[in-house]
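Work through the following exercises with the structure open beside you, and try each task before you read its solution.

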Amino acid sequence: MMQLFAKIIFAAVALGMMVPNQALATGPRVTTSLFSPHHNQIHAVDFPPFVSSEVVDGGVVSEIITTAMRRSEIDAVVTTHPVERMVYYYLLQEKVMAVAGWHFDFTKAQREQLIFVPVVSLTERYFYYKPSHPQGLNVANATDLKGLRYGAHQGEETERYSKAGAEVVYGRTVTLLKKLQRGEVDFICAPPRSVEWLLERYMKNEKQNVIAMPEEAEPDVFYMVFNRQHSLGEQAAEKFRAALIAMEKDGTLARITSKHFGDGELGGLFLKRLEMIK
């Protein structure tokens, strides 16, 4: 498990007249935490098995975040949304205390109002669909990319692919996997744990056809992003960072990861079947 944590970086739908007006004022929310007693909500895009209402305790990263916030003595709960623009809305328009996620695409002016605290580094691999490329696929070199279609996540850095002559198609991971199956994209890049979870959950018959390429892609960082324009933003960021450091030292991070992914190297790299699904 120590090898795994070498990669840890410290770093509504309207419900009728019974719903109070303040609950409707800021648009739809997709988890029951809207009606929780918690004063602060940390908004995140649903990203199983790391952050998701479909996983016990919200997923491994969600549990790390909520544990660190509890240790920081800040009352907060993670609220998940189906699309990234909802997370941007709450952060930039409603000025909430914090959001969580990856592949953020903020302007320079927006970044000046934010504090980024890295939570975990997500190892990623390239994947292709074997029936579409029975001889395999290689994207290690720029010359290999010309004419291919790359499935990317919104906010992801894609200049390398477009400069090499690849077409870039955007979507969430589950959408990109379906586009891969339909031949609408040639390859995607995502954390193996997420791909395995989604295939098991939604595309079980295709598991043997979605192939991971041997080389690892550049890892991406999952962040907590605190808002300087919130009264608790800067204070919460410092407390959260300190809590993460303490949790790594006392073994809390390792225990949370073991709970979700199992013990040992294999458990650290791949989600154990679906035992953690509610």
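The largest share of the lining of the largest pocket comes from α8, which gives 3 residues. Keep in mind throughout that this is a predicted model.

**Exercise 1. The pocket**

Task: Describe the largest pocket by its volume, by the residues nearest its centre, and by the classes of residue in its lining.

Solution: Begin with the volume, which is about 460 Å³ for the largest pocket. Next, look at the lining, which is made of 25 residues, and pick out Val45, Asp46, Pro82, Arg172 and Thr173 as those that lie nearest the centre. Then ask which elements take part: β1 (40–45), α4 (84–92), β3 (98–101), α7 (173–182) and α8 (192–202) each supply at least two residues of the lining. Finally, sort the lining by class, which gives 13 nonpolar, 7 polar and 5 charged residues.

**Exercise 2. The sheet and its edges**

Task: Find the order of the strands in the open sheet of 8 strands, and explain why β2 and β6 each have one side without a neighbour in the sheet.

Solution: Reading across the sheet, the order is β2-β1-β3-β8-β4-β7-β5-β6, and the pairing is mixed. The strands at the edges are β2 (76–81) and β6 (167–170), and because each has a single partner strand, one side of each is left without a neighbour in the sheet. From one strand to the next, the twist averages 25°.

**Exercise 3. Pairs of strands**

Task: Decide whether β4 and β8 run parallel or antiparallel, and do likewise for β1 and β3.

Solution: Start with β4 (residues 114–129) and β8 (residues 210–227), which run antiparallel and are joined by 13 bridges. Within this pair, Phe127 stands opposite Ala212 in β8, and Val120 stands opposite Phe222 in β8. Move on to β3 and β8, which are joined by 4 bridges and also run antiparallel; here Ala98 has Phe226 of β8 opposite it. Last come β1 and β3, which run parallel, with 3 bridges between them, and in this pair Ile42 stands opposite Ala98 in β3. To finish the picture of β3, check its two faces: Ala98 and Ala100 on one side, and Val99 and Gly101 on the other, are all buried, so that both faces of the strand are covered.

**Exercise 4. Helices and their surroundings**

Task: State which strands α4 touches, which strands α8 lies across, and which elements the buried residues of α7 pack against.

Solution: Take α4 before the others, and note that it packs on the sheet, where it touches β1, β2, β3, β4 and β8, while its direction makes about 150° with that of β1. Turn then to α8, which lies across β4, β7 (187–190) and β8 and runs at about 60° to β4. For α7, list the buried residues, which are Thr173, Val174, Leu176, Leu177, Lys179 and Leu180, and then see that they pack against β4, β5 (149–152), β6, β7, α8 and β8. Just after α7 comes Gly183, with a positive phi of about 80°.

Task: Explain why α10 is described as largely enclosed by the rest of the structure.

Solution: Count the buried residues of α10 (residues 252–261): 7 of its 10 residues are buried, and therefore the helix is largely enclosed by the rest of the structure. The buried residues in question are Thr252, Leu253, Ile256, Thr257, Ser258, His260 and Phe261. After α10 comes Gly262, whose phi is positive, near 90°.

**Exercise 5. Backbone details in the loops**

Task: Locate the cis peptide bond, and decide whether Glu73 and His103 are buried or exposed.

Solution: The cis peptide bond joins Pro48 and Pro49, with omega of about 0°, and Pro49 is found in the loop between β1 and α3 (60–71). Glu73 lies in the loop between α3 and β2, and it has a positive phi of about 60° although it is not a glycine. Because exposed means over 50% relative accessible area, Glu73 counts as exposed at 71%. His103, in the loop between β3 and α5 (108–111), is also a residue other than glycine with a positive phi, near 50°. The cut-off for buried is under 20%, so His103, with a relative accessible area of 9%, is buried.

Terms used:
Residues are numbered from 1 along each chain as its sequence is written. This is a predicted model: local features need pLDDT of at least 70, side-chain atom pairs count only at pLDDT 80 or more; totals for chains, interfaces and linings use all residues. Side-chain values use heavy atoms; hydrogens and water are left out. On a 1 Å grid over the protein atoms alone, a cavity is a set of points where a 1.4 Å probe fits but cannot get out, and a pocket is an open set with protein on both sides within 12 Å along at least five of seven lines; lining residues have an atom within 4 Å of a point. Grid points are joined across faces, edges and corners, and a volume is the space filled by probe spheres set on the points. Ala, Val, Leu, Ile, Met, Phe, Trp, Tyr, Cys and Pro count as nonpolar, Asp, Glu, Lys and Arg as charged, and the others, Gly among them, as polar. Two strands pair if DSSP finds at least two bridges between them. Axes are lines fitted to C-alpha atoms, for helices over the stretch in contact, and angles run from 0 to 180 degrees between N-to-C directions. Contact means heavy atoms within 4.5 Å. Buried means under 20% relative accessible area, exposed over 50%, partly exposed in between (1.4 Å probe, protein chains only).
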